[in-house]
Amino acid sequence: MKNKITLLILSIITSCGDVGISPELQEDLSYLEEALGISVSYDMRIGPLDGAAAARCYRYPVKRVVIDIEKIKAAGDSLRLVMLHEIGHCSFDVRGHEETSLKEVGCPTHIMESSNKQIRCEKYIGQYISQLKNN
Ligand SMILES: [Zn+2]
């Protein structure tokens, strides 16, 4: 009996701590977690998405982010900025989008804009991170 309870407790602990992150996302995720001062506690995986979306935060049935890395590469977008945007939805609970004017062509003024996030816009990442932290 005691062994069964111990096993049950162990399986609960390990299932809760098992966050699935695709290896290709780990480096950018670690950077973003440190910069934002948070720890992502949901799955973030690479996978195909239907329609135009290149990434998506799902809230149900379990919170998770799916990133269509092929679309991001094809658009010349920044994986790090797309991940930051999805973290805004999933970790900072931003439901909609901020639609402001573009800072420059292809670069949003606010990280929660729905517009594309080109690789060269990574120079604004400090500003984007502050926007989420002060959200
Ligand atoms: Zn969005």
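This report describes a three-stranded sheet, the helix packed on it and the nonpolar core they share in a predicted model.

Residue numbers start from 1 along each chain, following the sequence as written. Because the model is predicted, local features need pLDDT of at least 70 and side-chain atom pairs count only at pLDDT 80 or more, while totals for chains, interfaces and linings use all residues.

**Sheet.** Helices (H or I, at least four residues) and strands (E, at least two) are DSSP runs, numbered from the N terminus. Three strands form an open sheet in the order β1-β3-β2 with mixed pairing, where two strands pair if DSSP finds at least two bridges between them. β1 and β2 stand at the edges with a single partner strand each, so one side of each lacks a neighbour in the sheet. From one strand to the next the twist averages 15°, with axes taken as lines fitted to C-alpha atoms (for helices over the stretch in contact) and angles running from 0 to 180 degrees between N-to-C directions. β1 and β3 run parallel and are joined by four bridges, and Ile-46 has Ile-67 in β3 as its bridge partner.

**Helix α4.** This helix packs on the sheet and touches β2 and β3, its direction making about 20° with that of β2; contact requires C-beta atoms, placed from the backbone, within 7 Å. The twelve residues of α4 reach 16 Å from first C-alpha to last, close to the 16 Å expected at 1.5 Å a residue, where the expected span is 1.5 Å times one less than the number of residues. Twelve of the twelve residues are buried, so α4 is largely enclosed by the rest of the structure; a residue is buried if 20 or more other C-beta atoms lie within 10 Å of its own, exposed if 12 or fewer, and partly exposed in between. The cover over these buried residues includes α2, β2, β3, α3 and α5.

| Element | Residues |
|---|---|
| β1 | 43-46 |
| β2 | 55-58 |
| β3 | 64-67 |
| α3 | 69-75 |
| α4 | 79-90 |

**Core.** A nonpolar core is a set of buried Ala, Val, Leu, Ile, Met, Phe, Trp, Tyr and Cys residues joined through C-beta atoms within 7 Å. The largest has 25 residues, of which Ile-67, Val-82, Met-83 and Leu-84 touch the most other members. Two or more residues come from each of α2, β2, β3, α4 and α5, and α4 gives the largest share, seven residues. Leu-84 touches Leu-32, Ile-111 and Tyr-128, leaving aside residues up to four places away in sequence.

**Lys-73.** Lys-73 lies in helix α3 and counts as exposed, because it has 11 C-beta neighbours inside 10 Å.

Technical notes: Contact = placed C-beta atoms within 7 Å.
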